[in-house]
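Biologist: I would love a close look at a single part of this model, and at how that part sits among its surroundings. Please take me through it step by step.

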Amino acid sequence: MKKIKIDWRFGVFILVMVVIYLVVFLFPGSQNEFSLDPSAKEEFWRFGTYQFAHLDWSHLIQNIVTLGLVSFIAVELKTRFKFFSINYFLAGLVAVLPLWIISPFVALGASVAIYSCFGYFSPKTKQFKLKVWLIIIGIKVFIFLKPILTLISGAEGFGFALKQSLAHLSGFVFGLLGFYMFKEVDKFLTKRKQYVLRRA
Amino acid sequence: MIKIPTGIEGMDMMLKGGLLPGRNILLSGPAGSGKSTIAMQFVYNGAQHYGEPSLYVTLEESKEKLIEDMGKFGFDLKKASAMGKFHIVGGPMAKVTHFMQKVDADVLNLIGEIEEIVKSEGIKRVVIDSINLLTMLMKTEREKREALAALANMLSSLGCTTILTSETEEGTMKLSRYGVEEFIVDGVVVLYLVRQGSRFVPGIVVRKMRGSNHDKEIRVYKITDKGVVVYPTETMFGKI
């Protein structure tokens with residue numbers, strides 16, 4: 001039987017992230033201290049901390065479970081850990097910014113970074129002979145399911161749900177662009193590696 | 001059967017016309033037996049006399065030293081390079097490994113680089129000098145075998161006729177250093193240095209040549225000021 005080699009770094013990644021999320025969550029007043037808050041614009045460190053803070057236990061557990069799923073998919077799709085982790089943290093840092101600058105809102109949680117992983121994975125599904133455009137449309141529909149359902153049911157909170165979905169969409173688009181960017185980076189690095197004999 | 005001549009005096013007679021195109025040949029022998037000279041003659045003649053773009057990958061000597069040394073045999077490698085049909089890459093192993101570490105490259109990247117050059121320049125003749133140094137970069141025998149097989153398959157699939165040189169220990173009858181090289185090639189040519197009194201007499205034999213008839217005797221060869229010359233009618237040992 002062929003031995004399957006699993007990149008243990010994904011396991012370590014989940015463990016480290018869960019520990020950080022828990023530590024930040026258990027920090028007294030973490031939601032106020034670490035979230036990206038329009039009323040605390042001068043506290044620039046919040047750009048780096050908001051992705052680790054969570055609103056409540058359900059928000060935290062939901063993101064931990066999804067992160068586990070994302071890591072599992074990453075292994076299945078034979079994702080390079082280096083690019084996966086850079087994409088994840090970079091998305092958590094900057095993906096939400098365009099939306100936040102246009103229309104500031106209180107942002108916290110890892111979901112933008114997590115959605116960036118789905119964006120990063122989408123083109124990789126080609127290896128399973130899946131239609132990439134269909135996957136992208138499917139995820140987009142899923143992203144906007146909540147505001148659509150809120151609108152249909154006439155319940156309150158459509159504006160908030162839409163903003164949340166737009167933040168997730170920005171993460172997704174960031175990941176999608178990240179995939180193509182890292183593909184080029186990978187090409188460049190491989191090309192560099194294949195320029196040894198000519199340099200020596 | 002179409003064969004490609006090596007252009008080495010006497011050797012094509014031993015090979016009954018030359019080498020089969022797209023095949024990999026192991027050229028083994030002890031230090032100082034003339035492996036690099038024979039290999040260089042094969043690619044240089046290919047580029048200069050048979051119009052076949054050729055590639056020489058050195059992992060032992062620097063390009064400059066090789067150009068200088070081969071110049072003594074009358075091989076103008078600089079001119080051949082300038083004409084675009086002859087390509088020489090690589091350098092001393094220490095320099096190659098230094099660059100490899102710098103860009104985090106491995107043996108497969110080197111093989112990939114050779115592939116890229118072969119494709120882009122339309123190379124038909126290749127020399128890897130030496131395969132020992134390439135295999136030294138890998139730890140296990142399995143890795144050595146896999147990398148050599150990958151290299152040989154790649155070159156064959158691209159239609160290259162390749163000479164892989166391998167240094168053997170003096171005085172042994174082994175065909176290669178690690179004992180794995182001969183299994184992944186189509187042919188094996190061995191050089192010997194046989195001690196006769198106070199001197200060493202060089203001998204050459206074609207030990208294996210898949211799909212092609214060849215001379216089975218050990219023949220005498222000499223390294224002259226025009227390169228290696230094989231005497232295909234002279235046997236190394238007299239009959240008793």
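Modeller: Happy to! Let's take helix α6 of chain B, whose buried residues pack against α10 (158–193) of chain A and, within chain B, against β2 (54–58), β4 (125–129), α7 (131–136) and α8 (141–157). Please keep in mind that this is a predicted model.

The helix itself covers residues 107–121, which makes 15 residues. From its first C-alpha to its last, α6(B) reaches 21 Å, close to the 21 Å expected at 1.5 Å a residue. Its buried residues are Val107(B), Asn109(B), Leu110(B), Ile111(B), Glu113(B), Ile114(B) and Val118(B). A reminder helps in reading that list: an α-helix has 3.6 residues a turn, so residues three or four places apart point the same way. Just past the end of α6(B), Gly122(B) adopts a positive phi of about 65 degrees.

One of the packing partners lies in the other chain, which brings us to the contact between the chains. There, 9 residues of chain A meet 16 residues of chain B. On the chain A side, 4 of the residues are nonpolar, 4 are charged and 1 is polar.

Two other partners of the helix, β2 and β4, belong to an open sheet of 9 strands in chain B, ordered β3-β2-β4-β5-β1-β6-β7-β8-β9 with mixed pairing. At its edges stand β3 (86–90) and β9 (227–235), each with a single partner strand, so one side of each has no neighbour in the sheet. From one strand to the next, the twist averages 25 degrees. For β9(B), there is an antiparallel pairing with β8 (residues 219–224) over 6 bridges, and Arg219(B) stands opposite Thr235(B).

Further inside that order comes β1(B), between β5 and β6. With β5 (residues 161–167), β1(B) pairs in the parallel sense over 6 bridges, and Ser28(B) faces Ser166(B) across that pairing. With β6 (residues 187–196), β1(B) also runs parallel, joined by 4 bridges; here Ile25(B) stands opposite Gly187(B). Because 6 of the 6 residues of β1(B), residues 24–29, are buried, this strand is largely enclosed by the rest of the structure. Burial holds on both faces: Asn24(B), Leu26(B) and Ser28(B) point one way, while Ile25(B), Leu27(B) and Gly29(B) point the other way.

To come back to the helix, α6(B) has its buried residues set against strands and helices of chain B as well as α10 of chain A.

How values were computed
Residues numbered from 1 in each chain as written. Chains lettered and ligands numbered in written order. Predicted model: local features only at pLDDT ≥ 70, side-chain atom pairs only at ≥ 80, totals over all residues. Buried ≥ 20, exposed ≤ 12 C-beta atoms within 10 Å, placed from the backbone. Pairing = 2+ DSSP bridges. Contact = placed C-beta atoms within 7 Å. Nonpolar A, V, L, I, M, F, W, Y, C, P; charged D, E, K, R; others polar. Axes fitted to C-alpha atoms, helices over the stretch in contact; angles between N-to-C directions. Expected span 1.5 Å × (residues − 1).
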